[in-house]
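Colleague: Before accepting any label for this model, I should like to see the value behind it. Shall we go through the labels one by one?

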Amino acid sequence: MPKEAKNKKIAIIIGKKRHLQLQRKEELSHNLRYISKVPVKIVMDKDFLTVHPQDSFTVLIGKFTSEETSAIVVDDEGKLLGFITMKDLLQFFTTPRRHSVVGLGLLKKYTITRASRVEDIMVTKPITIHVDDNLGHAIKLMVETGKHHLPVVDSEKKVHGLLEVKDIIRLIRLVAL
């Protein structure tokens, strides 16, 4: 009889533990679903690196820190003109592919000097997200395009912030713990 009682107790404990695990999983699932409804403007970084098109390459490199991995190119009114990531910069330090057709445009693309300016190397039509969009749309856009940084703009292309994968992961971590 004591063995049966012990087995019954173990079954109850395992049952309660399983119930708590399922309850926590359901709670977490609900919280993660909630993340997709969070407005981008709550999660975006409002303190982001900006540069101007006429800034030199050396000024741009000097502004990049260990925290900064991208820069938004704006005009004097704060409107989006372009975007640069550290990954974009790396392409200028690789040699052309072996079977590339070498023309003036290609050689110019692979040539960067201290005299180069931000406008020479920036992405002129970056993928953006609207300031009123939610994270569900942002995550979908990031997954589909492979982009890790999205400038956050309004209808007039004025930059309000920068949304990065790390910002979304930080929120997921807060919700999941």
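Modeller: Leaving aside residues up to four places away in sequence, valine 118 touches Val51, His52, Pro53, Asp55, Ser56, Leu60, Val73 and Ile84. Please keep in mind that the model is predicted.

Colleague: What makes each of these residues a contact of valine 118?

Modeller: Each is listed for valine 118 because a contact requires heavy atoms within 4.5 Å. A separate value concerns aspartate 55: its C-alpha atom and that of valine 118 are separated by 5.6 Å, although the two residues are 63 apart along the chain.

Colleague: Where is valine 118 found, and why is it called buried?

Modeller: Valine 118 is found in helix 6, residues 118–121. Its relative accessible area is 0%, and the label applies under 20%; therefore valine 118 counts as buried.

Colleague: Which elements does the protein chain contain, and how many of each?

Modeller: The protein chain has eight helices and six strands. Along the sequence they follow the pattern α-α-β-α-β-β-α-α-α-β-α-β-β-α. Buried residues account for 31% of its 177 residues. The chain exposes about 12300 Å², of which carbon and sulfur atoms supply 58%. Of the contacts between residues at least 6 apart in sequence, 58% join residues at least 24 apart.

Colleague: In what order do strands 1, 2 and 3 lie in their sheet, and what makes some of them edge strands?

Modeller: These three strands form an open sheet in the order 1-2-3, and the pairing is mixed. Strand 1 (50–51) and strand 3 are the edge strands, as each pairs on one side only.

Colleague: How do you know that strand 2 and strand 3 pair?

Modeller: Five bridges join strand 2, residues 70–74, to strand 3. Pairing requires at least two bridges, so the two strands qualify, and they run antiparallel. Among the facing residues, serine 70 stands opposite threonine 85 and isoleucine 72 opposite phenylalanine 83. The hairpin of these strands has five residues between them, and glycine 78 takes a positive phi near 85°.

Colleague: What makes serine 70 count as buried?

Modeller: Serine 70, found in strand 2, has 2% relative accessibility. That value falls under the 20% limit, so serine 70 counts as buried. Beyond residues up to four places away in sequence, serine 70 touches Leu49, Phe64, Phe83, Ile84, Thr85, His149 and Leu162.

Colleague: On what grounds are strand 3 and strand 6 called mostly covered?

Modeller: In strand 3, five of its six residues are buried. Strand 6 likewise has five of its six residues buried.

Colleague: How do strands 4, 5 and 6 pair, and which of them are edge strands?

Modeller: They form an open sheet in the order 4-5-6 with mixed pairing. Strand 4 (129–130) and strand 6 (159–164) are its edge strands, each pairing on one side only.

Colleague: How many bridges does strand 5 share with strand 6, and in which sense do they pair?

Modeller: They pair over five bridges in the antiparallel sense. With two bridges as the minimum, the count is therefore sufficient for a pair. Proline 151 has leucine 162 of strand 6 as its bridge partner, while histidine 149 stands opposite glutamate 164 in strand 6. Strands 5 and 6 form a hairpin with five residues between them, and lysine 157 in the turn has a positive phi of about 70°.

Colleague: How many residues line the largest pocket, and which lie nearest its centre?

Modeller: The lining consists of 16 residues, with Thr85, Lys87, Asp88, Lys147 and His148 nearest the centre. The space in this pocket is about 330 Å³. Strand 3 (80–85), helix 4 (86–90) and strand 5 (149–153) each supply at least two lining residues; helix 4 gives the most, with three. The lining divides into six nonpolar, six polar and four charged residues.

Notes
Residues numbered from 1 in each chain as written. Predicted model: local features only at pLDDT ≥ 70, side-chain atom pairs only at ≥ 80, totals over all residues. Heavy atoms only, no water. Helix = DSSP H or I, 4+ residues; strand = E, 2+ residues; numbered from the N terminus. Buried < 20%, exposed > 50% of the residue type's maximum accessible area, 1.4 Å probe, protein only. Areas by Shrake-Rupley, 256 points an atom, 1.4 Å probe, with all protein chains shown as cover. 1 Å grid on protein atoms, 1.4 Å probe; cavity = no way out; pocket = protein on both sides within 12 Å on 5 of 7 lines; lining within 4 Å. Points joined across faces, edges and corners; volume = space filled by probe spheres on them. Nonpolar A, V, L, I, M, F, W, Y, C, P; charged D, E, K, R; others polar.
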